[in-house]
Amino acid sequence: MTFGSMQHMPLSSAYLCEDCHCVGNCAEQCPACASAALMGLAGVLNREQPREKAQLRYLLGSLDARVGSSLAA
Ligand SMILES: [Zn+2]
């Protein structure tokens with residue numbers, strides 16, 4: 001595979017065709033076989049977005065600080 005033939009797409013735009021098992025970026029129709037039996041991969045893989053991880057880290061840090069201060073009092 002050459003660098004020029006590689007392709008990528010964001011997970012939020014990736015759809016698996018249940019008929020031919022190709023992955024495309026169209027939610028209405030498979031670009032390979034024109035099937036409408038598509039499954040959005042973002043919902044199946046349930047990946048956290050980087051921003052959500054940062055917010056979770058902030059909330060956990062805040063919770064640790066509260067627990068630490070209540071234990072010290
Ligand atoms: Zn297909």
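Leu16 sits across from Met39, a residue of strand β3. That pairing belongs to the link between β1, which covers residues 15-17, and β3: the two strands run antiparallel and are joined by 3 bridges. Keep in mind that this is a predicted model, so the positions here come out of a predictor.

Zooming out a little, β1 and β3 are part of an open sheet of 3 strands. The order across the sheet is β2-β1-β3, and the pairing is antiparallel. Which strands stand at the edges? They are β2 (23-24) and β3 (38-40); each has a single partner strand, so one side of each is left without a neighbour in the sheet.

As for the overall layout, the protein chain has 2 helices and 3 strands. Reading from the N terminus, the elements go β-β-β-α-α. The helices are α1 (41-45) and α2, which spans residues 50-72.

How much of the chain is buried? Of the 73 residues in the protein chain, 4% are buried. On the contact side, take the pairs in the protein chain that are at least 6 apart in sequence: 22% of those contacts join residues at least 24 apart.

Now for confidence. The average pLDDT of the protein chain is 85, and 86% of the residues reach at least 70. Where is confidence lowest in the protein chain? That would be helix α2, with a mean of 71, while β1 has the highest value at 97.

A few residues outside the strands and helices are worth a look. His21 is in the loop between β1 and β2, and its phi is positive, about 65 degrees, even though His21 is not a glycine. Ala34, in the loop between β2 and β3, does something similar: it is not a glycine either, yet its phi is positive at about 70 degrees.

Is His21 buried or exposed? His21 counts as exposed because it has 10 C-beta neighbours inside 10 Å, and the cut-off for exposed is 12 or fewer. Ala34 has 10 other C-beta atoms within 10 Å, so Ala34 is exposed as well.

Two more residues fit in here. Asn46 is in the loop between α1 and α2, and with 7 C-beta neighbours inside 10 Å it counts as exposed. His8 belongs to the segment before β1; His8 is exposed too, because 5 other C-beta atoms lie within 10 Å of its own.

Some of these residues also come with a C-alpha distance to a residue elsewhere in the chain:

| Pair | Separation along the chain | C-alpha to C-alpha distance |
|---|---|---|
| Asn46 and Leu11 | 35 residues | 10.0 Å |
| His8 and Asn25 | 17 residues | 9.8 Å |
| His21 and Ala32 | 11 residues | 9.4 Å |

Put in words, Asn46 in the α1-α2 loop has its C-alpha atom 10.0 Å from that of Leu11. His8, from the segment before β1, is 9.8 Å from Asn25, C-alpha to C-alpha. His21, in the β1-β2 loop, has its C-alpha atom 9.4 Å from that of Ala32.

Key: Residues numbered from 1 in each chain as written. Predicted model: local features only at pLDDT ≥ 70, side-chain atom pairs only at ≥ 80, totals over all residues. Pairing = 2+ DSSP bridges. Helix = DSSP H or I, 4+ residues; strand = E, 2+ residues; numbered from the N terminus. pLDDT = per-residue confidence, 0-100. Buried ≥ 20, exposed ≤ 12 C-beta atoms within 10 Å, placed from the backbone. Contact = placed C-beta atoms within 7 Å.
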